[in-house]
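Me: I would like a close look at one part of this model. Please keep it brisk and follow the contacts outward from there.

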Amino acid sequence: VEAVHLIANGKAPRIPQPEEGATYEGIQKKENAEISWDQPAAALHNWIRGHDKVPGAWTTINGQVVTFYGSSLLDASVPAGQELTIKGASRPGLVTKNGLVVFGNDGKMVLVRNLQFEDGKMIPASKYFSVDDTTALELTEEEKKIAEDIR
C-alpha cells in the first residue's frame, strides 16, 4: 500500500536501469534454431515446439531449408509412409497421412504437422510429396482490360 501511495504522490524512488546487457534485438534468432538430430525424441519435440512460431526450428531437406511447426510425441508403432532423407538425421523421416514422422537417437518418434519452405510457402507435412495442385489464374477479357488499366 505504501508503494502505491508513493507512486500516486509522485514520490517513489526512481532508479535508472543499467544499459549493460540491454538489447532491443530478439533473443531467438533463426540461425540459432537449427535442429540438432543427435538427441532423444522428447528433446527434438521440445526444441521444435519451443521455436514455434518464431523463429521456427529448421533443418535441411534436399538442399533446402525447411522449418518445422506443430510437433507432438508419437507413442505408437512406426507408421507406414514414404521415406524422406533429412540432413544430419541418423535415419530418414517418414511422410505419413498425419504428417512427417522424425526419429530421435533413442528410436522414439516425433510427429511434425506443418512445414514451411524458404520461399514462405507452408504446407501440411503429409503433403510433402504431393503434386502442386495450384493452377494458373485465367483472366477473362474484361479482367485483362482492368488489369492493363491498373498497370
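Which residues of helix α2 (residues 41-50) are buried? And what lies around them?

Reply: A caveat comes first: this is a predicted model. In helix α2, the buried residues are A41, L44, H45 and I48. They sit on the same side of α2, because they cover an arc of only 100° around the axis.

That side faces strands. The buried residues of α2 pack against β1 (57-61), β2 (64-74), β5 (99-103) and β6 (109-117).

Now take β6 and its pairings. β2 and β6 run antiparallel and are joined by eight bridges. Within that pairing, F68 has L115 in β6 as its bridge partner. β5 also runs antiparallel to β6, with four bridges between the two strands. Here V110 in β6 stands opposite V102. β5 and β6 make a hairpin, and five residues lie between them. G107 sits in that turn and has a positive phi of about 85°.

β6 pairs again with β7 (residues 122-124). These two strands are antiparallel and share three bridges. Q116 faces M122 of β7 across the pairing. This is a hairpin too, with four residues between the strands. In its turn, G120 has a positive phi of about 95°.

Next, the packing. The largest nonpolar core has 21 residues. F68, L100, V102, V112 and L115 touch the most other members. Two of the names are already familiar as a bridge pair: F68 and L115. Helix α2 and strands β1, β2, β5 and β6 each supply at least two residues of this core. β6 gives the largest share, four residues.

V112 shows how such contacts spread. Leaving aside residues up to four places away in sequence, V112 touches I48, F68, Y69, G70, S71, G99, L100, V102 and A125. One of these, I48, brings the story back to α2, where I48 is among the buried residues.

There is also a second, separate core. It has five residues, including V101, F103, M109 and L111. Compare the numbering: L100 and V102 belong to the largest core, while V101 and F103 belong to the second. Likewise V112 is in the largest core and L111 is in the second. A general rule is worth recalling here: in a regular strand, side chains alternate between the two faces of the sheet.

To sum up, the buried residues of α2 pack against four strands, β6 among them, and β6 supplies the largest share of the largest core.

Definitions and conventions
Residues are numbered from 1 along each chain as its sequence is written. This is a predicted model: local features need pLDDT of at least 70, side-chain atom pairs count only at pLDDT 80 or more; totals for chains, interfaces and linings use all residues. Side-chain values use heavy atoms; hydrogens and water are left out. Buried means under 20% relative accessible area, exposed over 50%, partly exposed in between (1.4 Å probe, protein chains only). The arc is that of the directions from the helix axis to the C-beta atoms. Contact means heavy atoms within 4.5 Å. Two strands pair if DSSP finds at least two bridges between them. A nonpolar core is a set of buried Ala, Val, Leu, Ile, Met, Phe, Trp, Tyr and Cys residues joined through side-chain atoms within 4.5 Å.
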